[in-house]
Amino acid sequence: QVQLIESEGGSVQPGGSLTLSCAVSGDTTSNYFLGWFRQAPGKRREGVATTYTTGRMTYYADSVKGRFTISDDSAKNTLYLQMSSLKPEDTAMYYCAASDHVLLGANWGNQYEYNYWGQGTQVAVSS
């Protein structure tokens, strides 16, 4: 059984940076598409970024391109999300997720394609 445990999030000022991590146990990260999703109050859950290291695939939501970087450290079995130039609209609960499906095109952002989920971690961006 794959388990995902996110690091603690935090509060940052606009323009600041924060890195989230997600420890994966039960299997090797290289076997999965690994992604980050977020959900703000009153909004649907949306895909932020997904990576599949084995296939050298990476996807980003347009809203975070150039500001966020997703990476998978296979040696540590850990997924990361480096966030910079944070904006108030980045405030949300962030979830890491793993999928054993082959995700092509827009499917990377479909939460129903992911089999395993972390418990979520809160990120707040405000002045």
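How many bridges join strand 9 to strand 11, and in which sense do the two strands run? I would like to begin there, and I should say at once that what we have in front of us is a predicted model. The answer is that 3 bridges join strand 9 to strand 11, which covers residues 121-125, and that the two strands run antiparallel. Within that pairing, Ala92 stands opposite Val123 of strand 11.

Let me stay with strand 9, residues 92-99, since several other elements can be described from there. With strand 4, residues 33-39, strand 9 pairs in the antiparallel sense over 7 bridges, and if you look for Phe37 in the structure, you will find that its bridge partner in strand 9 is Tyr95. Strand 10, which consists of residues 116-117, is also antiparallel to strand 9 and is joined to it by 2 bridges; here Ala98 has Tyr116 as its bridge partner.

Is strand 9 mostly covered or mostly open? It is mostly covered, with 7 of its 8 residues buried.

That brings me to the interior. The largest nonpolar core has 35 residues, and those that touch the most other members are Leu20, Trp36, Val48, Phe68, Leu81, Met83 and Tyr94. At least two residues of this core come from each of strand 3 (18-25), strand 4, strand 5 (46-52), strand 7, strand 8, strand 9 and strand 11, and the largest share, 5 residues, is supplied by strand 9. Tyr94 is a good residue to select on the screen: setting aside residues up to four places away in sequence, Tyr94 touches, among others, Leu20, Val48, Phe68, Leu81 and Met83, and its contacts also include Glu6, Arg38, Gly120 and Thr121.

Next, consider Gln39, which is found in strand 4. Gln39 counts as partly exposed because its relative accessible area is 27%, which lies between the 20% limit for buried and the 50% limit for exposed. Although Gln39 and Ala92 are 53 residues apart along the chain, their C-alpha atoms are separated by 5.2 Å. Beyond its neighbours within four places in sequence, Gln39 is in contact with Ala92, Met93 and Tyr95, and also with Arg44 and Arg45.

Turning to the pockets, the largest one has a volume of about 180 Å³. It is lined by 13 residues, of which Arg38, Ala40, Lys43, Glu46 and Glu89 are the closest to its centre. By class, this lining divides into 8 charged, 3 polar and 2 nonpolar residues.

Finally, I want to point out two places in the backbone. Most residues other than glycine have a negative phi. Which value does phi take at Asn77? It is positive, at about 55°, although Asn77 is not a glycine. Asn77 sits in the loop between strand 7 (68-73) and strand 8 (78-83), and because its relative accessibility is 15%, Asn77 counts as buried.

The second place is Ser85, where phi is near 50°, again a positive value in a residue other than glycine. Ser85 belongs to the loop between strand 8 and strand 9, and with a relative accessible area of 40%, Ser85 is partly exposed.

To close where we started, strand 9 pairs with strand 4 over 7 bridges, is joined to strand 11 by 3 bridges and to strand 10 by 2 bridges, and supplies the largest share of the nonpolar core.

Note on methods:
Residues are numbered from 1 along each chain as its sequence is written. This is a predicted model: local features need pLDDT of at least 70, side-chain atom pairs count only at pLDDT 80 or more; totals for chains, interfaces and linings use all residues. Side-chain values use heavy atoms; hydrogens and water are left out. Helices (H or I, at least four residues) and strands (E, at least two) are DSSP runs, numbered from the N terminus. Buried means under 20% relative accessible area, exposed over 50%, partly exposed in between (1.4 Å probe, protein chains only). Two strands pair if DSSP finds at least two bridges between them. On a 1 Å grid over the protein atoms alone, a cavity is a set of points where a 1.4 Å probe fits but cannot get out, and a pocket is an open set with protein on both sides within 12 Å along at least five of seven lines; lining residues have an atom within 4 Å of a point. Grid points are joined across faces, edges and corners, and a volume is the space filled by probe spheres set on the points. Ala, Val, Leu, Ile, Met, Phe, Trp, Tyr, Cys and Pro count as nonpolar, Asp, Glu, Lys and Arg as charged, and the others, Gly among them, as polar. A nonpolar core is a set of buried Ala, Val, Leu, Ile, Met, Phe, Trp, Tyr and Cys residues joined through side-chain atoms within 4.5 Å. Contact means heavy atoms within 4.5 Å.
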